[in-house]
Amino acid sequence: RQMCIRDSAKSLAAAVEAVDCEVFSRSNENVRKLVFGLCLFHAIIVERGKFGALAWNTPYEFSLTDLMVSAEQIVSLAKEEIPWEAVNYLTIDLNYGGQVSDPIDLRLLQTILHDFQSPDILTDNYTFSEGYPCTCLLYTSD
């Protein structure tokens, strides 16, 4: 279990490093929360792929490019109000889901993303996992 947590932390660190610091500096707090949630989502699906057939029905190569394009789209779309339907469509159906060929894998991808890209993430003291509050320097007050 420790190895799995360590690998996930490495994947998250790589995802956060891939997103240009400028993305965070030119964004408001809600956008930074969404981009951080996207980084967590990316780390989880990349780590999930290491479990072979237990993870996905078909193996997929999700890349940092998928993450960076999705982050840039969030920043450009979510200036004032967040267009949830558009953000989720672009992230799942085009950027990540465009390479997913199995309908069950696509449904799983949508389900995982919902935990990381929903209005709930914008609330104060939001936790990604019950009992484990997420305090992140990426979305500190302006």
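This report describes the overall fold of a predicted model and then a few of its residues.

## Overall architecture

The chain contains six helices and two strands. Read from the N terminus, the order of these elements is α-α-α-α-α-α-β-β, with the helices preceding the strands.

Of the 142 residues in the chain, 39% count as buried. The surface that the chain exposes amounts to about 8,500 Å², and carbon and sulfur atoms supply 55% of that area. Among contacts with a separation of 6 or more, residues 24 or more positions apart account for 72%.

## Helix α3

Helix α3 spans residues 29–48 and has 20 residues. The distance from its first C-alpha to its last is 29 Å, which is close to the 28 Å expected at 1.5 Å a residue. Because 15 of its 20 residues are buried, α3 is largely enclosed by the rest of the structure.

At the start of this helix, N28 and N30 approach one another: a side-chain oxygen of N28 reaches to within 3.1 Å of the backbone nitrogen of N30.

## The two salt bridges

Side chains of opposite charge can pair when their charged atoms come close. The structure holds two salt bridges. One of them joins E29 to K33, with the closest N and O atoms 3.8 Å apart. These two residues lie four positions apart in helix α3, so about one helical turn separates them. E29 counts as partly exposed because its relative accessibility is 26%. K33, in turn, has a relative accessibility of 5% and therefore counts as buried.

The other salt bridge is formed by the side chains of K50 and E47, at 3.0 Å from N to O. K50 counts as exposed, since its relative accessibility is 56%. E47 has a relative accessible area of 8% and is therefore buried. This pair thus brings together an exposed residue and a buried one.

## D66, a buried charge in helix α4

Helix α4 covers residues 64–77, and D66 lies within it. D66 is buried but takes part in no salt bridge. The nearest side chain of opposite charge belongs to R48, and it is 15 Å away.

Which polar partners does the side chain of D66 have? One is the side chain of Q99, with which the side chain of D66 makes a polar contact at 3.2 Å. Another is the backbone nitrogen of S63, which lies 2.9 Å from a polar atom of the D66 side chain. When neighbours within four places in sequence are left aside, the residues in contact with D66 are E61, N95, Y96 and Q99.

## S70 and its surroundings

Helix α4 also includes S70. With a relative accessible area of 1%, S70 is below the 20% limit and so counts as buried. Apart from neighbours within four places in sequence, S70 is in contact with L38, T91, N95 and Y96.

Y96 illustrates how separation along the chain and separation in space can be set side by side. S70 and Y96 are 26 residues apart in sequence, while their C-alpha atoms are 8.7 Å apart. Two of the residues in contact with S70, namely N95 and Y96, are also in contact with D66.

Conventions:
Residues are numbered from 1 along each chain as its sequence is written. This is a predicted model: local features need pLDDT of at least 70, side-chain atom pairs count only at pLDDT 80 or more; totals for chains, interfaces and linings use all residues. Side-chain values use heavy atoms; hydrogens and water are left out. The expected span of a helix is 1.5 Å times one less than its number of residues. Buried means under 20% relative accessible area, exposed over 50%, partly exposed in between (1.4 Å probe, protein chains only). A polar contact is a pair of N or O atoms within 3.5 Å; within protein, one must be able to donate a hydrogen and the other to accept it, and residues adjacent in sequence count only if both atoms are side-chain atoms. Contact means heavy atoms within 4.5 Å. Accessible areas come from the Shrake-Rupley method with a 1.4 Å probe; for residues, only the protein chains shown count as cover. Lys and Arg count as positive and Asp and Glu as negative; His and the chain ends are not counted. A salt bridge is a side-chain nitrogen of Lys or Arg within 4 Å of a carboxyl oxygen of Asp or Glu.
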